[in-house]
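Me: Please take a close look at a single part of this model: the surface that the protein presents to the nucleic acid. I would like the cut-offs stated wherever a term depends on them.

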Protein chains: 2
Amino acid sequence: MATIKDIAQAAGVSLATVSRVINNGPKVGDKTRARIKEIMKEMGYRPNANARALVTQRNPSLGVVLAELADPFFATLAYGIEKVARQKDIQVLLSSGSIQVETELKAIETLLEHRCEAMIVHSKALDDETLIDFASQVPGFVLINRYIEQIADRCVWLDNYSGGATMARHLLSLGHKKFVMVSSHYQIDDPSERLRGIKDELKNAGIELPDSAIEYSTPDQEGGEIAMQNLLAKGHDFTAVLSYNDAMAAGAMSMLLDHGVEIPQQISVMGFDDVLLSRYCRPKLTTLRYPIEMMAVKAAEVALNRARTNGKNKSLEDTFKYTPTIVKRESVTHAADSK
Amino acid sequence: MATIKDIAQAAGVSLATVSRVINNGPKVGDKTRARIKEIMKEMGYRPNANARALVTQRNPSLGVVLAELADPFFATLAYGIEKVARQKDIQVLLSSGSIQVETELKAIETLLEHRCEAMIVHSKALDDETLIDFASQVPGFVLINRYIEQIADRCVWLDNYSGGATMARHLLSLGHKKFVMVSSHYQIDDPSERLRGIKDELKNAGIELPDSAIEYSTPDQEGGEIAMQNLLAKGHDFTAVLSYNDAMAAGAMSMLLDHGVEIPQQISVMGFDDVLLSRYCRPKLTTLRYPIEMMAVKAAEVALNRARTNGKNKSLEDTFKYTPTIVKRESVTHAADSK
DNA sequence: TTGTATGCGTTATCAG
DNA sequence: CTGATAACGCATACAA
């Protein structure tokens with residue numbers, strides 16, 4: 001592949017001159033510039049990004065660490081990030097961490113080796129200390145879906161507690177009094193925060209959500225089915241189902257429908273996330289909107305901006321907390337008379 | 001960030017020696033090696049991937065160009081690719097082409113600037129010639145979901161024609177005789193190939209699929225709804241709906257259900273792709289399995305292998321054609337008596 | 001306006 | 001077993 005040297009030779013000028021026209025440098029004669037550009041086309045010249053990164057001491061790339069690309073949730077996240085990167089002419093380096101300590105660590109370290117000037121990482125497995133350490137190493141380091149107080153200005157996150165409370169409040173306002181919940185068995189913050197919000201809100205209304213009314217499983221459709229099956233098997237009496245996310249809600253609905261239950265006439269089901277699926281399934285899911293794409297865009301902007309300003313120039317905002325809001329569709333309605 | 005030089009200094013050895021222990025070079029004393037490793041830990045040394053790529057003249061990375069990450073189809077594609085890359089310790093550079101000439105071109109060129117040794121591109125906008133030219137420039141260049149005869153050994157693709165024929169054959173075998181189709185209005189090969197397969201197969205059975213029985217729209221749920229609405233408005237008489245993909249099928253089903261049609265008792269609906277959605281929607285979609293993940297894995301393996309062998313070592317297989325197969329679920333059954 | 005020289009962090013080719 | 005030293009492709013301070 002042609003190098004800057006080849007071009008210089010062919011044009012009968014020095015390396016410096018060619019380099020200047022490549023970077024739109026100011027001090028080059030018009031005719032020289034035109035001629036060199038011509039030659040570059042002819043020879044199919046392409047600047048070597050690695051060499052450039054080496055000499056300029058900065059790699060204008062955005063590293064991204066996600067949990068699981070196959071999950072629509074993360075796909076949307078990646079989509080939002082890639083969109084702003086593309087628009088700013090920044091290449092994205094993508095890795096998957098799959099919520100395992102070694103994998104997440106490995107992914108971040110590889111990104112570090114590439115000297116990405118900005119990074120967005122979704123980490124549930126790594127501890128605060130480790131993350132804080134990474135953050136101190138790269139100015140453009142941003143966490144998504146996680147809040148760590150010491151680096152609050154690099155966290156773009158959702159208030160899961162408030163989300164849980166909102167779910168509970170909505171159902172209470174419709175007269176529901178008997179609840180069950182299908183939740184994720186992963187030991188990460190999100191499920192427990194949502195649950196905490198739910199329990200607190202119910203308690204305010206004088207209602208207890210006993211542990212026996214909560215079934216944990218994998219946070220996907222199948223997990224939702226299994227969890228609901230267990231709940232049904234235990235013979236619980238309830239008029240509303242709180243689900244950790246939309247996928248589990250869809251699974252739970254499937255199971256209920258298979259048992260001849262009418263949704264929402266007999267039982268209401270409420271999801272969380274508002275992914276595509278919530279509009280596809282029948283009945284359409286009433287859920288909480290998790291503004292993933294918006295948050296992804298924000299994370300990318302913050303990361304890139306921090307990278308550019310080397311971490312100085314604290315943005316106007318000091319916190320990037322998002323609050324989920326209710327999306328009313330078809331799966332929730334007034335409480336039926338309790339059985 | 002500490003460099004190899006700093007390590008050498010701290011250890012009181014030469015650059016060469018440090019470089020050797022980094023690359024597990026053979027000729028280094030055990031104690032020296034241990035000591036250097038120790039120091040590297042202490043100083044938090046990380047090799048600079050850019051410098052390495054520059055001097056070794058190869059960047060062990062996999063560039064990927066997709067159409068639209070937010071689409072579960074492409075998310076799955078990305079997932080499969082990233083999985084094998086991670087397993088082989090290869091960093092993925094991801095871009096989105098959004099089916100536009102300039103964007104796809106830009107994405108590929110940026111990857112070229114990074115000197116990725118392997119590339120997987122999904123391109124519908126670029127013409128054969130352009131793609132063939134790129135392929136000639138990088139040995140690890142592979143196309144996915146596209147077939148170009150001159151570079152057949154770099155194409156991992158689905159036989160859409162056969163898929164269309166299979167759909168038609170299945171429905172015919174269940175006694176259906178009156179069809180409509182909801183298809184994508186994008187001017188790319190896939191829809192037209194599927195349609196060609198369908199028409200040919202129907203023709204064999206003496207059935208014509210008139211243009212008026214085909215509605216084109218965006219290949220998503222909303223497009224499916226619109227297309228079906230138009231078909232309904234035109235007063236077509238049919239017992240089976242052929243859909244370009246699952247999303248449109250789901251939309252079409254929505255619309256039919258809203259009109260009080262029973263699926264599949266009155267009308268059968270058949271999708272294509274077998275994405276997650278086909279299992280979530282109700283009734284569950286009978287569809288054609290598009291082995292995206294398997295194909296993505298294959299593409300990654302071929303690309304990486306070609307890169308490693310510099311395009312020599314033609315693999316045992318000379319073609320990477322995949323054939324979609326039927327997945328029977330709930331949305332298709334025997335033809336009802338025609339109205 | 002253009003050219004020369006130096007160095008970015010590594011690997012690799014030589015000698016020792 | 002270890003150490004100089006020359007690239008790799010490019011940007012840039014300094015000369016001319």
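The reply below takes the two DNA strands in turn.

Reply: The model is predicted, so local features are reported only at pLDDT of at least 70 and side-chain atom pairs only at pLDDT 80 or more, whereas totals for chains, interfaces and linings use all residues. Residues are numbered from 1 along each chain as its sequence is written, chains are lettered from A and ligands numbered from 1 in the order in which they are written, and side-chain values use heavy atoms, with hydrogens and water left out.

DNA strand C is surrounded by 26 residues, and the closest are A:Arg20, A:Gly29, A:Thr32, B:Ile4 and B:Tyr45. A residue is taken as near a strand if one of its heavy atoms lies within 4 Å of it. Of the atoms of DNA strand C that come within 4 Å of the protein, 63% belong to sugar and phosphate.

Several polar contacts with this backbone can be listed. A polar contact is a pair of N or O atoms within 3.5 Å; within protein, one atom must be able to donate a hydrogen and the other to accept it, and residues adjacent in sequence count only if both atoms are side-chain atoms. B:Tyr45, already named among the closest residues, places a side-chain N or O atom 2.6 Å from a phosphate oxygen of DNA strand C. The side chain of B:Ser19 has an N or O atom 2.9 Å from a phosphate oxygen of DNA strand C, and the side chain of B:Arg52 has one 2.9 Å from a phosphate oxygen of the strand.

The elements that give two or more residues to the surface near DNA strand C are helix H2 (15–22) and helix H4 (49–56) of chain A, together with helix H2 (15–22) and helix H4 (49–56) of chain B. Helices here are DSSP runs (H or I, at least four residues; strands are E, at least two), numbered from the N terminus. H4(B) contributes the most to this surface, namely four residues. Sorted by class, the surface near DNA strand C holds eleven nonpolar, eleven polar and four charged residues. In this sorting Ala, Val, Leu, Ile, Met, Phe, Trp, Tyr, Cys and Pro count as nonpolar, Asp, Glu, Lys and Arg as charged, and the others, Gly among them, as polar.

Turning to the second strand, 26 residues lie around DNA strand D, and A:Ile4, A:Tyr45, B:Thr17, B:Arg20 and B:Gly29 come nearest. Sugar and phosphate make up 65% of the atoms of DNA strand D that come within 4 Å of the protein.

B:Thr17, one of the nearest residues, has a polar side-chain atom 2.6 Å from a phosphate oxygen of DNA strand D. B:Ser14 takes part through its backbone, with a polar atom 3.1 Å from a phosphate oxygen of DNA strand D. B:Val55 brings a backbone N or O atom to 3.4 Å from an oxygen of a base of DNA strand D.

The elements that supply two or more residues to the surface near DNA strand D are H2 and H4 of chain A together with H2 and H4 of chain B. H4(A) provides the largest share of this surface, with four residues. By class, the surface near DNA strand D divides into eleven nonpolar, ten polar and five charged residues.
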